[in-house]
Amino acid sequence: MANDVEMGGWSELLHSSTKLVEQASPSTHFPPLQRSLDQLETLSTKLKAKTLRAEAPSQSISATRLLAREGINAEQLARDLKSFELKTTFEDAFPSEATSVEEYLQQLHEMTIASSIQEAQKDNLRSFNKHMMQVLEDDWQKEKRDFLQSLSRISSLPRRGSSVGTSGYITRPALMSSQASPRQQSVGPASLALLPASDDNKSITEKKALVYAECVRDLNEARSRKLPFKPASKFRAAYESLGADVAGGKSVTMQKIWHLVEALVGENSTSRNISRKMSLVIGARRHLESGHEKYILDTIQTHASLAALGGAVGNLNKIRAFLRVRLRDYGVLDFDATEMRRQPPIDTTWQQIYYCLRTGYYDEARRVAQSSRTSHQFTPLLVEWITTGGNVSTNTSLSASEECDKMLKLSDRSGRPSYDRKKLILYSIISGSKSNTEKIIRDIPNLFTTIEDFLWFKLSSVRDPPVTQQLPFAPYTLTDLQNYLNKFEPGYYTKKGKDPLVYPYVLLLSVQFLEAVLYLSKEGEEGFSIDGVHLAIALADQGVLLEGSGSGGRNFSGVLMDACAEVAGVVRQYGSVYLRNGNLELALEYYVQAASAIGGGEKCLTETTTVDQQRKRNSMLKQLLTEILLRDGGINLLLGLRGTGEEAELAKYLTDLRARQLFLVEAARHCQEAGLYDKAVEIHKRVGAFGMALETINKCLSDAICALARGKLDGDSQAVGLIRAGEDVLETSRSFPEASAQDKELMQEHQTVLRQLDAIYYIHKLFRNGNHLEAIREIVKLQFLPLDPRSPNVSTDVIKTLNPFVQACVPDLIRVCLTCLENVRDTDGSLRALKSKIGSIVANSMSRNWPQDLYEKFARSI
């Protein structure tokens, strides 16, 4: 229905329009146009799209009609308005007639402040973005540099960009194709050593690294002069000088570990006729005894009135004073009984003997045992155990073991043991029986309240019987102790990291040195890794790594040597940090200790180690010294300003002159392989190998001439510097009469090569300056190439008789000659003859791998 009404409206509109057209008279303003309905609809749509994007309101339609009536083009007006912009003035925003002067100034001030803040925010944002981009760039460069240094090949190379030794002629661009980025110091031990020791702003880690490094320097100096030196004591004293060992609720501190190491290696004890392994066990036991003595004195001081020590200063008096405090709830003790009472006093014989031994008062323990009827049978066993350092005879061990078995079977009616526990512990220690030791711990789990008491009992029970001694039972060995302790994870000892040094403390007490060093070297908290490195140095210097292999007593020679190699690797890695940061002096000190560690420590200097250890020590030392030698400043450090190191550091570690010369020749070869030709030349000059030095210079000069021919801008300056360096070598060799006949022959050969390369360079220089005719004259004068037009033609290949360095320059020389011939007129036919000579050389050199463009250029010139 709606459609019918709409169609009716359209029909009426069409009828009215037809009538208007018929009635309308022609107008001068509006020419007659013929349009169909479809055309009208299309034009209307276009008009609507030009005027309004949406349905225009009635006011907009009226405005369009008004503009049309006035003869204004609405489209042109719309285009003009798109580029029209209204700007607000101060008068528009702050009309002066509506505000006072104060209000107007106040508004102007606020607007100025707001604008300033906005501009400042924009500046800050720009500065922040710029700073962040710079930080990102620096971080990227640092990551890239650290990655490159982590590679073994690149980390062993020095920074590029230095000149050769003291001659100053060979510059790095002449010898290397690229340069490394400037070194930036990183946080680590090397950066600490670059700071003055008097700086109070350093952290405790930095100060620790400094005082340790000074001890390492003193250690190397003492060993080089064969003077006595106690590294563990020195490291302990250096650590204590920091005054930073605050326990903070921790049972084990680094100071305590250093005291343990000092006791282990026996620096302050007299040697006995016992094995080195038992000496380490006794040292660990002595340390625990010293700690227990301190505990007793603290207990007495805390309970002074109850201990009633008075003015007595004897060791036995201290033990009895301690027992008064410990056994205060048991009644009157036997040594305090003054008169007979109804109730007899407590017999403390076994308590006194045990605590005397536990505290290290062996003489007092013997005296107590001899003075008591209770321990009369035990006295000879104890005396033998003290005298032999624990390795008692078979009969003594068997007797003590039988007594232990009897006590373990005894019990009262209630099932409780009717024996003194301290007596059981003492007999078990004397017996050294593995079964008794393990059974006591298994049956009486609360026998020991501290890990120190437990380890003292275990260490006192350890035996190292000779192979020839046959025991009726299995002895308790150090391997058994290590296997038992290794059943538990490190977190069991450290209380999940709350007391981190307990685990390495236990490892050291059980003579597992390698495991302790590796654990500390990986522990980053409080700089323990630095302590671990110097702990390794102290142990390696004393040569105890072969005994303290750990992990169940590995006795394979290969594994034991690996322990020395691993410790040497830890020390070397620490020293390489100094090397990467440019502190070559401290890097040298630690590298020497790394080589000493793999060689067996102090013994390698007295030639008491094996041939294999000596070989490994010398091999690593030469390798590490080469690393330092390759660094900038390494030559001056090891060799001094002149000579082969007689007055510098190298003579400390390679005392034989012949050994130093062989080492330096080998180091020069490494320099050549690494592309460090300037250092190779300097080292060859130091050892008097001037022929080899000149050979290296000729190689670099040949490369520089080839680079000059290819258009490199720095080839000219490189060639000049190399020629001067060659002349300097020739001049220096004349004042060195000790040169060998072989070196003199090599020197003469490469002197000729130097002159030939110098002539080729001069020709290239004339060519670059445009002196083509003069260049041709110089080419003709060359004695080593048959290019003189007046000489007869040579059918043989003369190029193969030349030195390889000169051969490499011939193709570019021929190319220069052909170019010069193209720019010079041939007035007498000599140039044609020269071309013929060149053609003969090219024809005889077809088998050579010369550039193809050279053959094409010659073909075009014919």
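These exercises work through a few cysteines, a serine and a helix in a predicted model.

**Exercise 1.** How many disulfides does the structure hold, and how far is the sulfur of C809 from that of C706?

*Solution.*
- Step 1. Take the cut-off: a disulfide needs two cysteine sulfur atoms within 2.5 Å.
- Step 2. Look at C706. Its nearest cysteine sulfur belongs to C809, 4.3 Å away.
- Step 3. Turn to C809. Its nearest cysteine sulfur is that of C706, again at 4.3 Å.
- Step 4. Conclude: C706 is in no disulfide, and neither is C809. The structure holds zero disulfides.

**Exercise 2.** Is C706 buried or exposed, and is C809 buried or exposed?

*Solution.*
- Step 1. Buried means under 20% relative accessible area.
- Step 2. C706 has 8% relative accessibility, so C706 is buried.
- Step 3. C809 has 1%, so C809 is buried.

**Exercise 3.** Where is S702 found, and which residues is S702 in contact with, leaving aside its neighbours within four places in sequence?

*Solution.*
- Step 1. Place the residue: S702 sits in helix α35, residues 690–709.
- Step 2. Check accessibility. S702 is at 3%, so S702 counts as buried.
- Step 3. List the contacts beyond four places in sequence: L757, F805, A808 and C809.
- Step 4. Add the polar detail. A polar atom of the S702 side chain lies 2.8 Å from the backbone oxygen of F805.

**Exercise 4.** Why is helix α26 largely enclosed by the rest of the structure?

*Solution.*
- Step 1. Helix α26 spans residues 513–522 and has ten residues.
- Step 2. Name the buried ones: F513, L514, E515, A516, V517, Y519 and L520.
- Step 3. Seven of the ten are buried, so α26 is largely enclosed.

Note on methods: Residues numbered from 1 in each chain as written. Predicted model: local features only at pLDDT ≥ 70, side-chain atom pairs only at ≥ 80, totals over all residues. Heavy atoms only, no water. Buried < 20%, exposed > 50% of the residue type's maximum accessible area, 1.4 Å probe, protein only. Helix = DSSP H or I, 4+ residues; strand = E, 2+ residues; numbered from the N terminus. Polar contact = N/O pair within 3.5 Å; in protein donor to acceptor, adjacent residues only side chain to side chain. Contact = heavy atoms within 4.5 Å.
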